[in-house]
Amino acid sequence: MPFTPTQKRAAIWALLALLALGALRALGPVLTPFVVAAVLAYALTPLVDRLDEAGRGRVPRFVSVVLVELLFIVVLLSLFLMVVPILAKEIPLMREQVPVLFQWLDGTVRPWLAQFGIEVALDLQSLKTQVLRYLQANYDEAVTRLLSSLKIGGSVAFAIVFNAVLIPVALFYLLLDWDRFVHRMLELVPPRVRPAVDSFTHEADQVLGQYLRGQLLVMLTMAVFYSTGLALFGLDLALPIGLFTGLAMFVPYLGFGIGLVLAILAGLLQFASAKALLMVAVVYGSGQVIEGFFFTPRFVGERIGLHPLAVIFALLAFAQLFGFLGVLVALPASALLLVAIRRVRAGYMGSRLYQG
């Protein structure tokens, strides 16, 4: 049976999409730094454009690019230099506080359970010894592996250094010529379908751009909120845990859940009392209310349509298919799929098949 022209075009586009997915999967390690740079360029280009417009042509665009990229690097280094020394100092202290936690369990929880006729038969001394031994062993093993990787293998260290140099370089050129790159890509689209593609990409850009920039504001705001709230309760690890909880909200529910567990463990290890549970209930409970009812609707907006479950599924599915590279392209791909699904649904609702 001969194929119609429409079927032939659909088959060609499907074949091209399959080839692109195959190349993406095969060249994942090579493409990763360029995809990272492209994602960052997409997010930072509006800021570069604003600085460029403020200069009104008197200042070359590359000056705006350099300023924005330097600002971004300074922010990343500030977060790194702020969190790492605190963790390096507090992790050994957390190991030392394990005995205090077990003493509290033995002196408080066991008598409280005994009031209800629940007898807990645990050798807390033996359990405490095993936990301390496990923590010490894993700490030493992690350090040994890191040193071995740096001194003997060297491949991991080389890859990190190579990407740390390549990503800023690629980001610079993408920010400098972003509009030209986008224009060259759109030139490959056949003229007869370009209006439809332009409309599709414009809608996808609105969805993804508003989601990413709004979510970034939510993350930064909640990172400050959680860090401040935990610090007011006197938690030593307030800053790293608060920053992690806020920034990890990029993955809905999962990042919040991990931050919640970290806060509970750190609170129990430090306070060894019910104060840890009160701290987590107040800070994380109020944080969820504020984020869900105020910040997310205000900064992100309900009309975007990227449901948290859809974001989680996209991240997990693309990570399974393409590894770390899949995590980077999950959100852009999900935005494109969202717009495509909207248009397919609208077409179906208006079709004779639906309306009878």
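Read along the sequence, the chain runs α-α-α-α-α-α-α-α-α-α-α-α-α-α. That pattern amounts to 14 helices and zero strands. The model is a predicted one. The chain has 356 residues, and 29% of them count as buried.

The largest pocket has a volume of about 2500 Å³. Its lining is made up of 48 residues. Those that lie nearest the centre of the pocket are Met185, Leu186, Thr201, Pro332 and Leu336. Several elements give two or more residues each to this lining: helix 1 (5–26), helix 2, helix 7 (178–187), helix 8 (194–232), helix 12 (308–322) and helix 13 (324–349). Helix 8 provides the largest share, with ten residues. By residue class, the lining of the largest pocket consists of 39 nonpolar, three polar and six charged residues.

Helix 8, which gives most to that lining by share, also holds Thr228. Is Thr228 buried, partly exposed or exposed? Its relative accessibility is 39%, so Thr228 counts as partly exposed, given that the partly exposed class lies between the 20% and 50% limits. Thr228 can also be placed relative to Leu243: the two residues are 15 apart in sequence, and their C-alpha atoms are 9.9 Å apart in space.

Helix 1, one of the elements that line the largest pocket, also contains Leu15. Leu15 belongs to a nonpolar patch on the surface, together with Ile12, Trp13, Leu16 and Leu19. The accessible area of these residues together is about 530 Å².

The charged side chains give another way through the model. How many salt bridges does the structure hold? There are four. One of them joins the side chains of Asp49 and Arg61, with an N to O distance of 3.0 Å. Asp49 lies in helix 2 (residues 28–55) and Arg61 in helix 3 (residues 61–96), so this pair ties together parts that are twelve residues apart in sequence. Arg61 also forms a salt bridge with Asp52, where the closest N and O atoms are 3.5 Å apart. Asp49, Asp52 and Arg61 are thus members of a network of salt bridges.

The residues of this network can be sorted by accessibility. Arg61 has a relative accessibility of 18% and therefore counts as buried, since the limit for that class is under 20%. Asp49, at 22%, counts as partly exposed. Asp52 also has a relative accessible area of 22% and is partly exposed. The arginine that takes part in both of these salt bridges is buried, whereas the two aspartates are partly exposed.

Another salt bridge is formed by Arg180 and Asp177, whose closest N and O atoms are 3.2 Å apart. Arg180 is partly exposed, with a relative accessible area of 43%. Asp177 is partly exposed as well, at 22% relative accessibility.

Technical notes. Residues numbered from 1 in each chain as written. Predicted model: local features only at pLDDT ≥ 70, side-chain atom pairs only at ≥ 80, totals over all residues. Heavy atoms only, no water. Helix = DSSP H or I, 4+ residues; strand = E, 2+ residues; numbered from the N terminus. Buried < 20%, exposed > 50% of the residue type's maximum accessible area, 1.4 Å probe, protein only. 1 Å grid on protein atoms, 1.4 Å probe; cavity = no way out; pocket = protein on both sides within 12 Å on 5 of 7 lines; lining within 4 Å. Points joined across faces, edges and corners; volume = space filled by probe spheres on them. Nonpolar A, V, L, I, M, F, W, Y, C, P; charged D, E, K, R; others polar. Patch = residues over 30% accessible without salt bridge, like charges linked within 9 Å, V, L, I, M, F, W, Y side chains within 5 Å. Areas by Shrake-Rupley, 256 points an atom, 1.4 Å probe, with all protein chains shown as cover.
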